[in-house]
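Here is a friendly tour of a few local features, with the model open beside the text. Let's take them one neighbourhood at a time.

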Amino acid sequence: MSAPALAQGGLPLGRSSFVADAVRRAGPAVVRIDTERTVVSTGSRGVPQMLLMDPLFRQFFGVPGAGIPSQRTERGQGTGVIFQPEGLILTNAHVVDGSSRVTVVLVDGRSLEGSVVGSDPITDLAVVRVSSNSPLPVAPLGNSDGVQVGDWAIAVGNPFGLDNTVTLGIISSTNRNASKLGITDKRLDLIQTDAAINPGNSGGPLLNAEGQVVGINAMVRSGPGAGLGFSIPINRARNIADQLVKNGRASHAMVGLVLQTDPRGVRVASLMPGGPAARAGLQIGDLITKASGKQIKDPAQFLKAVEATGVGQPLDVMAMREGKIFNYSLIPVEMSQIIKR
């Protein structure tokens with residue numbers, strides 16, 4: 001008897017789809033995260049309640065109006081994924097930041113009180129911890145470095161409060177730098193997917209065809225280009241999560257310069273006085289062509305070299321000035337140290 005034909009994911013055709021199998025592997029570990037925040041405001045006369053409940057409205061426009069300061073409770077909702085059997089959950093920082101109470105709702109209906117272990121706004125990642133008297137399901141983590149354009153992408157989450165929603169698409173692109181998407185306050189190179197990601201999906205997993213988590217869903221583009229979703233690569237998320245669990249915070253290296261793209265590399269547009277780059281001897285107008293021995297084509301690539309080097313370790317940089325080549329050794333410092341100056 002000949003062997004049955006196999007569908008993608010290694011499953012016999014006619015028995016189950018690879019999507020259903022992938023969701024069975026990881027789906028039980030996907031949780032809903034309900035949050036409460038205490039907000040003090042000076043009134044919001046004339047603003048519809050529907051807008052007040054919209055986190056994007058609150059973030060970008062604030063709550064207009066004036067009056068006597070008042071206190072109210074705001075409720076939010078997002079998604080998370082259990083990645084350690086000790087009850088550790090990965091989610092987005094914007095899901096839990098500022099929360100006075102976090103409740104984690106499992107697929108089986110159990111509600112568990114959660115506590116925020118640590119949050120990193122620079123990468124929009126956070127870790128929440130829950131305790132349970134019974135074993136918790138854990139989602140298998142994949143390798144986001146192996147993700148390729150055209151691979152299947154499965155998003156699982158709770159968009160618009162619709163629990164356990166699954167959407168299917170492909171990996172549309174990789175290494176989408178957040179700054180090129182107009183997000184200048186994040187250090188992220190994102191996975192782009194056309195799998196539907198909507199409000200409430202934030203913090204949920206992006207799965208591959210084998211049911212492994214390859215990304216943490218973070219945002220969806222609205223307006224022109226609507227329908228594009230972006231996910232934080234799991235290798236990046238795992239590194240940040242490890243730091244948050246160990247230290248309660250994540251470390252980010254910084255050398256104190258602003259760069260502009262140049263056809264031959266990146267050009268120094270400004271320097272922070274007394275920062276690592278200035279101390280090393282770099283000057284405004286210098287053209288950086290290499291970092292850690294690799295060609296540099298844009299600012300995002302240079303930032304990757306800084307992050308890969310880490311705080312306190314030497315970063316070798318080659319630059320040109322007036323036709324001459326100069327070599328520098330920069331010692332990155334922790335971002336929080338240089339910002340406080």
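In this predicted model, a good place to begin is the backbone nitrogen of Gln212, which lies 2.9 Å from a polar atom of the Asn208 side chain. The side chain of Asn208 also reaches the backbone nitrogen of Glu210, at 3.0 Å. Asn208 itself is found in the loop between β12 (205-207) and β13 (213-220). Is Asn208 buried or exposed? Its relative accessibility is 13%, and because buried means under 20%, Asn208 counts as buried. Beyond its neighbours within four places in sequence, Asn208 is in contact with Ala22, Trp152, Ile154 and Val214.

Gln212 turns up again around Pro140. Setting aside neighbours within four places in sequence, Pro140 is in contact with Arg25, Ala26, Gly211, Gln212 and Val213. Where does Pro140 sit? Its place is the loop between β8 (125-130) and β9 (152-157). With a relative accessible area of 30%, Pro140 is partly exposed, since that class runs between 20% and 50%. The C-alpha atoms of Pro140 and Ala29 are separated by 9.2 Å, although their positions lie 111 residues apart along the chain in the sense of sequence separation.

Moving back to β8, this strand is mostly covered, with 5 of its 6 residues buried. It has two pairing partners to look at, set out here.

| Strand paired with β8 | Sense | Bridges | Residues standing opposite |
|---|---|---|---|
| β5 (residues 88-91) | antiparallel | 4 bridges | Leu88 and Arg129 |
| β7 (residues 111-120) | antiparallel | 6 bridges | Gly114 and Val130 |

How many residues come between β7 and β8 in their hairpin? There are 4 residues between them, and Asp124 in the turn has a positive phi of about 55°.

A positive phi appears at the end of a helix as well: α5 is followed by Gly248, whose phi is positive, near 80°. Helix α5 (residues 234-247) has 14 residues and reaches 19 Å from its first C-alpha to its last, close to the 20 Å expected at 1.5 Å a residue. Which residues of α5 are buried? They are Ile234, Ala237, Ile240, Ala241, Gln243 and Leu244. An α-helix has 3.6 residues a turn, so residues three or four places apart point the same way. That is a handy thought to keep while looking down the helix axis.

Note on methods
Residues are numbered from 1 along each chain as its sequence is written. This is a predicted model: local features need pLDDT of at least 70, side-chain atom pairs count only at pLDDT 80 or more; totals for chains, interfaces and linings use all residues. Side-chain values use heavy atoms; hydrogens and water are left out. Helices (H or I, at least four residues) and strands (E, at least two) are DSSP runs, numbered from the N terminus. Buried means under 20% relative accessible area, exposed over 50%, partly exposed in between (1.4 Å probe, protein chains only). Contact means heavy atoms within 4.5 Å. Two strands pair if DSSP finds at least two bridges between them. A polar contact is a pair of N or O atoms within 3.5 Å; within protein, one must be able to donate a hydrogen and the other to accept it, and residues adjacent in sequence count only if both atoms are side-chain atoms. The expected span of a helix is 1.5 Å times one less than its number of residues.
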